[in-house]
Amino acid sequence: MKRTLCFAKRNLKEIVRDPLSLGFGIVLPIAILVLLSLINSNIPEEAKNNMFEISKLAPGIGVFGLSFIALFAALLISKDRGSSFMLRLYTSPMTGGNFILGYTLPLLPMAAAQLVVCFAAAIALGLPVSVNLLLCVAVCLPITVVNIAIGLISGTCLNEKAVGGLCGALLTNLTAWLSGCWFSLDLLGGTFKQIAYILPFANAVDAARAAVSGDFAAIPGKLWVVCVWAVGLMAVAIVLFARKKKLK
């Protein structure tokens with residue numbers, strides 16, 4: 001465990017050295033939050049459209065912002081794989097699980113910080129202050145692990161250039177369209193909605209919204225799907241990394 005923590009500390013330093021990417025992962029979700037809130041303020045009351053209400057919008061955008069964590073994870077591990085640093089680490093007694101945990105740990109507080117900043121912006125836009133916001137941060141932990149695992153799998157299998165397109169453009173767009181973070185999936189319905197709820201993103205948004213609204217009974221029914229994906233993808237990441245290590 002000591003080796004894992006030392007490795008995690010090193011990875012945290014690598015993340016902090018890239019403030020531009022960190023800032024982008026925080027600023028873009030907030031910009032979208034402000035833009036959609038402005039749109040909501042100009043929707044006539046008689047339209048009875050609550051799609052962009054801040055209580056629904058904030059947790060959705062919070063989950064969307066976590067998709068950028070996958071890019072940080074993918075870039076971190078792919079850069080290491082392309083350097084002699086990883087070759088030296090392969091000779092250490094660390095297992096695939098130690099490596100993956102070492103990459104995961106420093107990304108968790110980063111995700112929590114993103115959520116805190118997002119909710120702080122939402123409070124300024126009218127979201128009521130509540131202890132439920134802290135619960136929402138905890139509820140978002142499984143989808144954070146999902147995104148980290150996707151990034152680690154991508155970084156283990158692909159080079160630095162390839163992961164930028166996969167975890168940057170593709171994953172963020174999939175999260176936006178398949179999570180219902182800023183529109184209701186009922187508008188599309190049918191097969192699209194069914195597929196969306198097989199995947200973790202829409203379930204994560206629903207669980208986050210339930211946490212913010214205080215609908216605690218609705219959280220487990222959505223969160224278990226996200227947890228299954230988190231455990232499964234993290235297991236895949238460990239196995240793939242262990243195989244790569246053996247091949248070296």
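How much space lies in the largest cavity? About 60 Å³, going by this predicted model. The close-ups below start there and then move on to other spots.

**View 1. The largest cavity and the residues around it.** The structure holds one cavity of 30 Å³ or more, and the space in the largest cavity comes to about 60 Å³. Its lining is made up of Gly25, Ile26, Pro29, Ile30, Ile61, Gly62, Gly65, Gln114, Leu115 and Cys118. If you sort that lining by class, you get six nonpolar residues, four polar ones and no charged ones.

**View 2. Helices that line the largest cavity.** Helix 2 (19–41), helix 3 (54–65) and helix 7 (107–124) each put at least two residues into the lining. Which helix gives the most? That's helix 2, with four residues. Among the lining residues to pick out in this close-up are Pro29, Gly62 and Gln114.

**View 3. The largest pocket, with a volume of about 270 Å³.** Here 16 residues form the lining. Zoom in on the centre of the pocket and the residues lying nearest to it are Gly180, Phe183, Ser184, Leu185 and Arg209. By class, the lining splits into seven nonpolar, four polar and five charged residues. Charged residues are thus part of the picture here, whereas the lining of the largest cavity has none.

**View 4. Helices at the largest pocket.** Two helices to look for are helix 11 (190–198) and helix 12 (200–213), each of which supplies at least two residues of the pocket lining. Helix 12 gives the most, with three residues.

**View 5. A nonpolar surface patch built from leucines.** Leu158, Leu166, Leu170 and Leu174 together make a patch of about 280 Å². Leu174 sits in helix 10 (residues 160–179). Why can Leu174 count towards a surface patch? Its relative accessible area is 36%, so this residue is partly exposed and clears the cut-off of over 30% that patch residues need.

**View 6. Ala162 in helix 10, with Ser78 for company.** Ala162 belongs to helix 10, the helix that also holds Leu174. Is Ala162 buried or exposed? Neither, quite: its relative accessibility is 32%, so Ala162 counts as partly exposed, a label for values between the 20% and 50% cut-offs. Now bring Ser78 into the frame: Ala162 and Ser78 are 84 residues apart along the chain, and their C-alpha atoms are separated by 9.5 Å.

Notes
Residues numbered from 1 in each chain as written. Predicted model: local features only at pLDDT ≥ 70, side-chain atom pairs only at ≥ 80, totals over all residues. Heavy atoms only, no water. 1 Å grid on protein atoms, 1.4 Å probe; cavity = no way out; pocket = protein on both sides within 12 Å on 5 of 7 lines; lining within 4 Å. Points joined across faces, edges and corners; volume = space filled by probe spheres on them. Nonpolar A, V, L, I, M, F, W, Y, C, P; charged D, E, K, R; others polar. Patch = residues over 30% accessible without salt bridge, like charges linked within 9 Å, V, L, I, M, F, W, Y side chains within 5 Å. Areas by Shrake-Rupley, 256 points an atom, 1.4 Å probe, with all protein chains shown as cover. Salt bridge = Lys/Arg side-chain N within 4 Å of Asp/Glu carboxyl O. Buried < 20%, exposed > 50% of the residue type's maximum accessible area, 1.4 Å probe, protein only.
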